[in-house]
Amino acid sequence: MNSILAWGVLPPLALIFYIWSLDRIEKEPPTLVIKTMLFGAGSAILAVALETAGEVILEYIGTDGILDLILYYFIVVAVSEEFSKRLGMKLAVWNNPNFNFRFDAVIYSVASALGFAALENVLYMASYGTQIALSRLIPVHSICGVFMGYYLGIAKTAELDGDNRSRSIYMKLSLIVPVLIHGFYDFCLSTGDAFLSYFVLGCIFILAIVAWRKLKTYAKIDRPI
């Protein structure tokens, strides 16, 4: 059990600590970051409920083949999980006075995503053993959190400026972009096709580099909301 907790929880904690350390203007309260991770973990309950409902609907519709995989992984899984993680972040900090810089949105979005990932890691390893630990280190949730946070930071600024049109656009992008990344990753692996599996892993590797660079850029150009 200790090894499961170590492999499942310590990598997300180390990653959020690194991202938190990039915030050079005004460090976020560690307790608030942890709270957001816990809300992200709790959001998994909603995600499971939404996924279960989605599975029932797909079964009722009776789709099969490639269409079934697309609907399941892009709509049922990706939308359910990314919506739930975003909701966890918003419930934890959206109206908190400490959420007052654009980079804060990235920190808290990734915190929610990593809380979700940590719980998912523990549950998967409890079921399948720690031999899957390395596969659980693929940072899809955190990559999605970076892009989600970027758009949420702009959406929050627009909200406070009274620009409802821009707020609506960036709130949608904060969900659409992570859903496309998440759905594409799961879909490619689910096909069992070796080419698609290696292709999507290559894409995730590139996205991880892009997200890492963007983190540093977002931190450098950070400004108040």
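**Exercise 1. Work out which helix holds K156 and E159, and how the salt bridges around them link up.**

Start with the location: K156 and E159 both sit in helix α5, three residues apart, which is about one turn of the helix. This is a predicted model, by the way, so treat every number here as computed.

Next, check the pair itself. K156 makes a salt bridge with E159, with the closest N and O atoms 3.8 Å apart; the cut-off is 4 Å, so the pair counts. K156 is buried, at a relative accessible area of 5%, whereas E159 is partly exposed at 26%.

Now look for a further partner. The side chains of E159 and R167 meet in a salt bridge too, at 2.7 Å from N to O. R167 has 23% relative accessibility and so counts as partly exposed. Shared partners then join K156, E159 and R167 into one network.

**Exercise 2. The structure holds three salt bridges. Take the one between K85 and E82 and describe its surroundings.**

Step one, geometry: the K85 and E82 side chains meet at 2.8 Å, N to O.

Step two, placement: both residues lie in helix α3 (residues 65-93), three residues apart, about one turn of the helix. Both are buried.

Step three, look for a ring: K85 lies over the face of F116, 5.6 Å from the ring centre. F116 belongs to helix α4 (residues 102-128) and counts as buried at 3% relative accessibility.

Step four, list the company. Beyond its neighbours within four places in sequence, F116 touches G40, A41, S43, A44, A47, E81, K85 and H141. Take A47: its C-alpha atom is 9.8 Å from that of F116, though the two are 69 residues apart along the chain.

Step five, follow H141. This residue lies in helix α5 and is buried, with a relative accessible area of 11%. Leaving out neighbours within four places in sequence, the contacts of H141 include E82, K85 and F116, so you can tick off the salt-bridge pair and the ring in a single contact list, given a heavy-atom cut-off of 4.5 Å.

**Exercise 3. Classify the ring pair Y150 and Y218, and say which parts of the chain the pair ties together.**

A pair of aromatic rings is described by the distance of the centres and the angle of the planes. For Y150 and Y218, the centres are 4.7 Å apart and the planes are at 15°, so call the pair stacked.

On to the chain: Y150 is in helix α5 (residues 140-161) and Y218 in helix α7 (residues 194-220), so the pair ties together parts 68 residues apart in sequence.

Then accessibility. Y150 is partly exposed at 32%, while Y218 is buried at 10%.

Finally, zoom out: Y150, Y151, Y170 and Y218 form one aromatic cluster, and a search of the whole structure turns up 10 aromatic pairs.

**Exercise 4. E28 is buried and has no salt bridge. Find what its side chain does meet.**

First, place E28: this residue is in the loop between α1 (2-21) and α2 (30-61).

Second, try the opposite charges. The nearest such side chain is K27, and that is 9.0 Å away, over the 4 Å that a salt bridge allows.

Third, try polar partners: a polar contact of 2.6 Å joins the side chains of E28 and Y108.

Fourth, complete the picture. Apart from neighbours within four places in sequence, E28 is in contact with W20, D23, V33, N98, F99, D104, I107 and Y108.

Methods: Residues are numbered from 1 along each chain as its sequence is written. This is a predicted model: local features need pLDDT of at least 70, side-chain atom pairs count only at pLDDT 80 or more; totals for chains, interfaces and linings use all residues. Side-chain values use heavy atoms; hydrogens and water are left out. Rings of Phe, Tyr and Trp (its six-membered ring) pair if their centres lie within 6.5 Å; planes under 30 degrees apart count as stacked, over 60 as edge-to-face and the rest as tilted. Helices (H or I, at least four residues) and strands (E, at least two) are DSSP runs, numbered from the N terminus. Buried means under 20% relative accessible area, exposed over 50%, partly exposed in between (1.4 Å probe, protein chains only). A charge sits over a ring if NZ of Lys or CZ of Arg is within 6 Å of the ring centre and within 35 degrees of the ring normal. Lys and Arg count as positive and Asp and Glu as negative; His and the chain ends are not counted. A polar contact is a pair of N or O atoms within 3.5 Å; within protein, one must be able to donate a hydrogen and the other to accept it, and residues adjacent in sequence count only if both atoms are side-chain atoms.
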